[in-house]
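Colleague: I am new to this structure and would be grateful for a close look at its hollow spaces. Please describe the pockets with their linings, and then whatever else bears on the surface.

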Amino acid sequence: MPAAPNRRAAAAVLLVPLIVTLALWAFAWPAARIAPRDLPVGIAGAAPATDQLQKRFEQEKGAFEIHRYEDEAAARTAIEDRVVYGAVVVTAEGPRLLTASAASPVVSQLLTGAVAAAAPGGDGIPVTDVVAAPEADPRGSALGASILPLALAGVAAGAIVTLLKLRGARAAVTLIGASALVGLVATALAHSWLGVITGDWWAEAGVVGLTVVAIGSAVAGPAALLGTPGIGLGALLMVLLGNPFSGVTSAPELLPAPVGVLGQWLPPGAGGSLLRSVAFFDGHAAGGPALTLALWAALGLTAVLLGGLRHRAAPAPRTGTGGRTPEPALT
C-alpha cells in the first residue's frame with residue numbers, strides 16, 4: 001500500500017478521537033461546573049438589615065456581585081434594565097425576593113435557594129417574578145435550544161457560498177440575503193407559532209438575521225482567504241466553542257472562567273444575549289452584544305470581499321502559446 005494513503009488513514013484515526021474529545025470538553029465541562037461567579041444581585045432597603053444580608057452573600061467568595069439600591073422601585077428598574085438578575089428587598093415585614101425568569105430561569109431558581117439560606121427568617125420568603133419568561137417556554141428550554149440551529153444555519157450559509165465558488169460582492173450579498181430570510185422564518189416559528197419570544201417581531205427578526213450573518217461570514221471569510229480549510233476553522237469556532245460557551249441555557253456568569261466571557265465574544269453567545277434583551281427586556285443591555293455581532297459580520301464580510309479581489313487579481317493559468325488554448329489537431 002502506498003505511503004500517502006497510509007498517512008491519511010492514520011490521520012483520520014487520530015483526528016476523529018481528537019474531535020470527540022474536544023466536543024466532550026466544550027459541551028460537558030462547562031455544564032458540569034455550573035455555579036455563580038460574580039453573579040449580579042441587588043439588595044434594596046435600609047441598613048443595618050441590608051448590611052447583614054450583604055455579609056451573608058459575601059461569605060460565598062466570588063459567587064455574587066452585590067449592587068445596593070435605596071428601595072424596591074430602584075431594584076425593579078435595575079432588573080428590567082438587565083443590570084442585575086434579581087434583588088432582595090428588605091422591609092419591616094421581612095425580606096422579599098425579586099427575580100427575572102426571562103433573564104434566566106436557572107438563575108431565578110438559584111437565587112430563590114440562596115436567599116432562603118442567606119436572608120433572616122429562613123424559608124418562606126415571598127418571590128415576585130418581575131420579568132417572567134413566556135408561558136409557552138417557562139424554563140427557557142426553547143430559547144436555549146434555538147442557538148445551535150442558528151449556528152448551524154450560519155455555518156451552512158458560509159459553507160454553501162464557498163463551495164458554490166461565489167466570491168466578492170456576490171458572496172457577501174448572498175450571505176446577507178440568506179441570513180435575512182433565516183431571520184424572517186425563524187421569527188415566524190419562534191414568535192408567531194410557538195410564542196417563546198414575545199418582543200417586537202421585526203427587531204427579533206433583525207437580531208436572528210444579524211446573528212446568522214455574523215456566523216456565516218465567520219465561516220465564509222476565512223474560507224475566502226485560506227480556501228476550503230477555512231470552513232472547518234469557522235465551523236469549529238462557531239459550533240464546538242460558540243454554542244456551548246454561549247450561556248444561553250443558564251447564564252454567562254454561571255460558566256467557569258474564562259468560558260463565560262469568551263462565549264459572549266463569539267456570535268452564538270452575543271446573539272443569544274441580544275435576542276433575550278430584545279424579546280423580553282425592551283432592548284435594554286443590547287448595545288454590547290449588538291456591537292459584537294456587527295464586528296464579526298463586518299470582519300467576515302471584509303474578508304469575503306478581499307478574497308474576491310485577490311482571486312480577480314490572480315493571473316489566469318497559461319493554457320497554450322500566447323495564453324490561447326491550442327486548436328485540436330485534425331485527424
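Modeller: The model is a predicted one, and the account below begins with the second largest pocket. Its lining divides by class into ten nonpolar, seven polar and three charged residues. The space in this second largest pocket amounts to about 310 Å³. Altogether 20 residues line the second largest pocket, and those closest to its centre are Thr162, Leu166, Arg167, Ala223 and Ala224. Two or more lining residues come from each of the elements α6 (147-163), α7, α8 and α12. Helix α7 covers residues 168-193, while α8 covers 201-226.

The largest pocket may be taken next. It holds about 390 Å³ of space. Its lining consists of 24 residues, of which Arg82, Tyr85, Pro252, Gln264 and Ser273 are the closest to the centre. The elements that supply two or more residues to this lining are α11 (267-280) and α12 (287-313). Of these, α11 gives the most, with four residues. By class, the lining of the largest pocket comprises twelve nonpolar, nine polar and three charged residues. Helix α12 thus appears in both descriptions: it gives two or more residues to the lining of the largest pocket, and two or more to that of the second largest pocket.

Apart from the pockets, the structure contains one cavity of 30 Å³ or more. The volume of the largest cavity is about 40 Å³. Its lining is made up of Ser101, Ala102, Pro105, Ala133, Pro134, Asp137, Gly140, Leu143, Val196, Arg276 and Phe280. Seven of these lining residues are nonpolar, two are polar and two are charged.

Helix α7, already named for the second largest pocket, also has a part in a feature of the surface. A nonpolar patch is formed there by Leu181, Leu184, Val185, Leu189, Trp193, Leu194 and Trp202. Together these residues have about 790 Å² of accessible area. Helix α7 gives the most to the nonpolar patch, with five residues. Leu194, by contrast, is situated in the loop between α7 and α8. The relative accessible area of Leu194 is 43%, and it is therefore partly exposed. Patch residues must have over 30% relative accessible area, and Leu194, at 43%, satisfies that condition.

Methods
Residues numbered from 1 in each chain as written. Predicted model: local features only at pLDDT ≥ 70, side-chain atom pairs only at ≥ 80, totals over all residues. Heavy atoms only, no water. Patch = residues over 30% accessible without salt bridge, like charges linked within 9 Å, V, L, I, M, F, W, Y side chains within 5 Å. Areas by Shrake-Rupley, 256 points an atom, 1.4 Å probe, with all protein chains shown as cover. Salt bridge = Lys/Arg side-chain N within 4 Å of Asp/Glu carboxyl O. Buried < 20%, exposed > 50% of the residue type's maximum accessible area, 1.4 Å probe, protein only. 1 Å grid on protein atoms, 1.4 Å probe; cavity = no way out; pocket = protein on both sides within 12 Å on 5 of 7 lines; lining within 4 Å. Points joined across faces, edges and corners; volume = space filled by probe spheres on them. Nonpolar A, V, L, I, M, F, W, Y, C, P; charged D, E, K, R; others polar.
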